[in-house]
Amino acid sequence: MELSSERAAAALEMPQSQKDDGPFTGDGDYESLPPDVSVATHMTAGAVAGILEHTVMYPVDSVKTRMQSLQPDPNAQYRSVYGALKRIIRTEGVFRPLRGLNITMMGAGPAHALYFACYERVKRSLSDVIQSGGNSHLANGLAGSVATVLHDAVMNPAEVVKQRMQMYNSPYRGLWDCVQTITRTEGMGAFYRSYSMQLTMNIPFQAVHFIIYELMQEQLNPHRHYHPGSHIVSGAAAGAISAAITTPLDVCKTLLNTQENVALNSMKISGHLTGMANTFRTVYRLGGMAAFFKGVQARIIYQMPSTAIAWSVYEFFKYFLTKQ
């Protein structure tokens, strides 16, 4: 999840800035999109950035899922992201780190588009109330939280399938085999077993991400012109900090999604693991406090370039549309 449309959407409607001799200033205000740009265009901008964010660093996401395993197979114990990728490619094939990418792309497009539509509507309504139509960090945060509920409702089933297929010795032949097997053996509820955990993780992730990105933009790009370097640096820093802070929740989410058999059997848990409190207890009993930060290196490495690329793509898209 980490989600790009919510981060991209924060920049959609800022108050007009004083003109400055910065890069790409030109005529007109870059931060204020033309009034005739359709909702579909706004949604497309966010969806494109979101799909790129999820896919460009996907192999590292696969490594992160495996590194978060609480009792991994001896053949799937990795010391570094690079070492993990190298071993996976050597022992399981060059395309193995991409397993589950198809369902991720299928989920990311509509999830981010729906997020964008919801975010824009809620943000405008709240901004009118809080700050008479001007930019409000409170409105951004509240709108992002509301839209995250909708986004995760669409994306959560895709996350479950993706992580099941990423695991070492995954028993599923492919996407539809995974979907059918989960539905048959665990029921439809399995696709939303981690929904509350996903929301609990994503809402603080988005709040921290928005704050860090906006703070850095105020320092690096105070006049809010199109400046690729500032968008890359701000996005990367915001993604890294948000990822590190929310890693414990991500570890719990991974356990709920994968229902790691070896770990659950060692705890004599019959059936399926459910509930946030129960999951926190299980993670702690299996590995102590250190277990909550398994895969933190891979999570940060995944998020930094992903969010930097997502912001860069979105800001370029916005700049291009404005100049048209």
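Which residues of α3 are buried? In this predicted model, they are Tyr58, Val60, Asp61, Ser62, Val63, Lys64, Thr65, Arg66 and Met67. Helix α3 spans residues 58–67 and is mostly covered. Nine of its ten residues are buried. The buried set includes Asp61, Lys64 and Arg66.

The protein as a whole is helical in its assigned elements, with 13 helices and zero strands. Read along the sequence, the pattern is α-α-α-α-α-α-α-α-α-α-α-α-α. The protein has 324 residues, and buried residues make up 54% of them. Contacts were also examined by separation along the chain. Among contacts with a separation of 6 or more, 79% join residues 24 or more positions apart.

Helix α7 was examined next. This helix runs over residues 175–186. It has twelve residues. From first C-alpha to last it reaches 16 Å, close to the 16 Å expected at 1.5 Å a residue. Its buried residues are Leu175, Asp177, Cys178, Val179, Thr181, Ile182 and Glu186. They pack against α5 and α6. An α-helix has 3.6 residues a turn, so residues three or four places apart point the same way. Among the buried positions of α7 are Leu175, Cys178 and Ile182. Gly187 follows the helix, with a positive phi near 85°.

Pockets were then located. Rolling a probe the size of a water molecule over the atoms shows where empty space is left. The largest pocket holds about 580 Å³ of space. Its lining comprises 26 residues. Met167, Thr258, Gln259, Glu260 and Asn261 lie nearest the pocket centre. Helices α7 and α11 (261–266) each supply at least two lining residues. The largest share, four residues, comes from α11. By class, the lining of the largest pocket divides into nine nonpolar, twelve polar and five charged residues.

The second largest pocket has a volume of about 220 Å³. It is lined by 15 residues, and Ile103, Pro157, Ala158, Val179 and Phe191 are the closest to its centre. Two or more lining residues come from each of α5 (101–131), α6 (137–166) and α7. The lining of this pocket has 13 nonpolar residues, two polar and no charged. Helix α7 therefore contributes at least two residues to the largest pocket and two or more to the second largest. Val179 is one of the buried residues of α7, and this residue is also among the closest to the centre of the second largest pocket.Two residues outside glycine draw attention through their backbone. Gln259 has a positive phi of about 50° although it is not a glycine. This residue sits in the loop between α10 (247–258) and α11. Its relative accessible area is 5%, so Gln259 counts as buried. Gln259 is also one of the residues nearest the centre of the largest pocket. Lys268 likewise is not a glycine and has a positive phi, of about 55°. It lies in the loop between α11 and α12. Is Lys268 buried or exposed? With a relative accessible area of 75%, Lys268 is exposed.

Helix α12 covers residues 276–287 and contains Arg285. Arg285 has a relative accessible area of 61%, so it is exposed. The C-alpha atoms of Arg285 and Met267 are separated by 8.4 Å. Along the chain, these two residues are 18 residues apart.

Aromatic contacts complete the description. A pair of aromatic rings is described by the distance of the centres and the angle of the planes. The structure holds five aromatic pairs. One of them joins Tyr192 and Tyr195 in an edge-to-face arrangement. The centres lie 5.9 Å apart, with 85° between the planes. The angle is over 60°, which is why the pair counts as edge-to-face. Tyr192 has 39% relative accessibility and counts as partly exposed. Tyr195 is partly exposed too, with a relative accessible area of 21%. Buried means under 20%, so Tyr195 falls outside that class. Ring pairs also link Tyr226, Phe316 and Phe320 into a cluster.

Definitions and conventions:
Residues numbered from 1 in each chain as written. Predicted model: local features only at pLDDT ≥ 70, side-chain atom pairs only at ≥ 80, totals over all residues. Heavy atoms only, no water. 1 Å grid on protein atoms, 1.4 Å probe; cavity = no way out; pocket = protein on both sides within 12 Å on 5 of 7 lines; lining within 4 Å. Points joined across faces, edges and corners; volume = space filled by probe spheres on them. Nonpolar A, V, L, I, M, F, W, Y, C, P; charged D, E, K, R; others polar. Phe/Tyr/Trp six-rings, centres within 6.5 Å; stacked < 30°, edge-to-face > 60°. Buried < 20%, exposed > 50% of the residue type's maximum accessible area, 1.4 Å probe, protein only. Expected span 1.5 Å × (residues − 1). Contact = heavy atoms within 4.5 Å.
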